[in-house]
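User: Can you walk me through this one? I have the sequence and the model open.

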Amino acid sequence: MNICIVAGARPNFIKVAPIIRAVGKARELGEDIAYRLVYAGVEDDPTLEPTLFDDLQIPRPDVFLGVDSKSLNEITGRVMGEFEKYLEQNPTDVVIVVDDLASTMAAAIVTKKQGIRLAHLVAGTRSFDIKMPKEINRLVIDGLSDLLFTAGDGASNIATREGANLSQIYKVGNILMDTLRFNRNRWQRPAAVDELGLQEQRYIVFTLNRKALIADRENLFAMLDSMDGAAGDIPIVAPLRGLAREAVEEWMKAKGGEVALRLISPLSYLEFGWLTANAMGVITDSGNVAEEATFNSVPCITLNSYTEHIETVRVGSNVLVGENPEQLALCVEDMVNGKWKKSAIPDRWDGRTADRIVQILLSEA
């Protein structure tokens with residue numbers, strides 16, 4: 001069996017790394033299975049720090065499609081063209097795509113046009129906001145997929161309601177947990193912890209990435225004000241890059257005086273893992289970061305009105321505050337005062353998701 005694993009952006013590698021290791025284990029046991037890793041982007045993509053693949057203990061991609069654009073429609077068209085060439089030149093039995101990017105949707109469309117089986121990792125996630133480009137991507141990818149690998153009952157139920165056959169849906173668990181379990185004894189203490197004089201469990205980690213949130217400067221600044229004020233003497237550590245860093249620097253300049261927020265350089269995967277695992281709490285607009293916080297039983301505030309994995313709220317340590325500065329302040333106060341809800345790790349977030357996926361693929365061959 002020849003598997004093609006497609007990654008569209010940096011976070012995808014964190015989710016496909018366990019599958020690469022599981023395929024390797026299956027080969028060692030005599031299974032006829034192999035993979036090639038295809039990246040939609042360019043070889044010198046600045047988001048792929050040199051340490052990433054060493055940290056994840058996987059090789060660099062076998063193929064770079066070389067698509068580098070900010071236009072979602074241009075990304076879709078160019079990835080379709082380049083991935084079609086790849087499939088025409090490389091015998092492939094199944095293509096695995098991850099999450100909900102424009103490049104993911106493009107690879108999914110080409111796969112089905114080539115008559116190749118398509119598997120969607122992290123299927124069945126929805127915001128129920130059709131205005132979001134990613135929501136359209138999710139609907140298209142799930143609709144095309146032959147195999148829908150879901151993280152939990154919520155996602156499986158969504159896929160069922162939208163017409164997928166039960167025989168197509170597999171609740172395999174959250175693959176992000178495979179990577180966390182694999183690396184939890186390998187975390188690396190960032191130099192910034194000692195440089196800032198931080199104490200474990202006495203700082204908050206802040207991440208920011210969502211473009212719509214960054215673009216609304218007035219509300220973003222109000223949220224930063226409320227977050228910073230509610231933190232009191234607890235430092236807020238922010239390893240930001242790009243537009244998010246520029247926005248926060250703009251806010252800090254406008255504030256002039258002393259603030260709780262501390263900007264630091266972007267961290268490697270293993271350094272960021274240490275920072276969040278040892279924090280008092282996390283404030284983020286990233287679903288992946290919220291999932292990691294649930295795994296680590298670290299209080300988490302998500303700056304969004306929905307989450308792709310509702311288990312992080314129903315069972316885990318996550319709380320949604322939308323983009324409401326007042327609600328954010330109240331939750332930060334609870335975080336600082338140790339008044340957080342009890343949490344647990346959701347079903348099948350056990351680190352064996354990739355093994356389940358490989359066994360399903362072999363049984364479906």
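User: Which residues are linked with Asp-100 in a network of salt bridges?
Analyst: Glu-135, Arg-138 and Glu-308 are linked with Asp-100 in that network. A salt bridge here is a side-chain nitrogen of Lys or Arg within 4 Å of a carboxyl oxygen of Asp or Glu. Before we go on: this is a predicted model, where local features need pLDDT of at least 70 and side-chain atom pairs count only at pLDDT 80 or more, while totals for chains, interfaces and linings use all residues. Residues are numbered from 1 along each chain as its sequence is written, and side-chain values use heavy atoms, with hydrogens and water left out.

User: How many salt bridges does that rule give?
Analyst: The count is 23 salt bridges. Side chains of opposite charge can pair when their charged atoms come close.

User: What does Lys-112 meet in a salt bridge?
Analyst: Asp-146, at 2.8 Å, N to O. Lys-112 lies in helix 4 (residues 102–113) and Asp-146 in the loop between helix 5 (133–144) and strand 6 (147–150), so the pair ties together parts 34 residues apart in sequence. Helices (H or I, at least four residues) and strands (E, at least two) are DSSP runs, numbered from the N terminus.

User: Is Lys-112 buried or exposed?
Analyst: Lys-112 counts as partly exposed, at 28% relative accessibility. Buried means under 20% relative accessible area, exposed means over 50%, and partly exposed is in between (1.4 Å probe, protein chains only).

User: And Asp-347, which side chain does that one meet?
Analyst: Lys-171, in a salt bridge of 3.0 Å, N to O. Asp-347 sits in the loop between helix 15 (325–336) and helix 16 (353–364), and Lys-171 in strand 7 (residues 169–171), so this pair ties together parts that are 176 residues apart in sequence. Asp-347 is exposed, at 52%. Lys-171 is partly exposed, at 21%.

User: What about Glu-249 and Arg-245, how far apart are they in helix 11?
Analyst: Four residues, about one helical turn, in helix 11 (residues 242–255). Their side chains meet in a salt bridge at 3.6 Å, N to O. An α-helix has 3.6 residues a turn, so residues three or four places apart point the same way. Glu-249 is partly exposed at 40%, and Arg-245 is partly exposed at 22%.

User: Switching to the sheet. What's the strand order?
Analyst: The order is 3-2-1-4-5-6-7, in an open sheet of seven strands with parallel pairing. Strand 3 (63–64) and strand 7 stand at the edges with a single partner strand each, so one side of each has no neighbour in the sheet. Two strands pair if DSSP finds at least two bridges between them.

User: How many bridges join strand 6 to strand 7?
Analyst: Three, and the two strands run parallel. Leu-148 has Ile-169 of strand 7 as its bridge partner.

User: Where is Gly-41?
Analyst: Gly-41 is in the loop between strand 2 (34–39) and helix 2 (52–56). Gly-41 is buried, at 6%. Contact means heavy atoms within 4.5 Å. Not counting residues up to four places away in sequence, Gly-41 touches Phe-64, Leu-65, Gly-66 and Val-67. The C-alpha atoms of Gly-41 and Phe-64 are 6.0 Å apart, with their positions 23 residues apart along the chain.

User: Ile-301: buried or exposed?
Analyst: Ile-301 is buried, with a relative accessible area of 0%. This residue is in strand 12 (residues 300–302). Beyond its neighbours within four places in sequence, Ile-301 contacts residues including Val-282, Asn-318, Leu-328 and Trp-340.

User: And Asn-288, what does that touch?
Analyst: Pro-11, Lys-15 and Leu-176, leaving out residues up to four places away in sequence. Asn-288 lies in helix 13 (residues 287–296) and is buried at 19%.

User: Which residues of helix 16 are buried?
Analyst: Thr-353, Ala-354, Ile-357, Val-358, Ile-360, Leu-361 and Leu-362.
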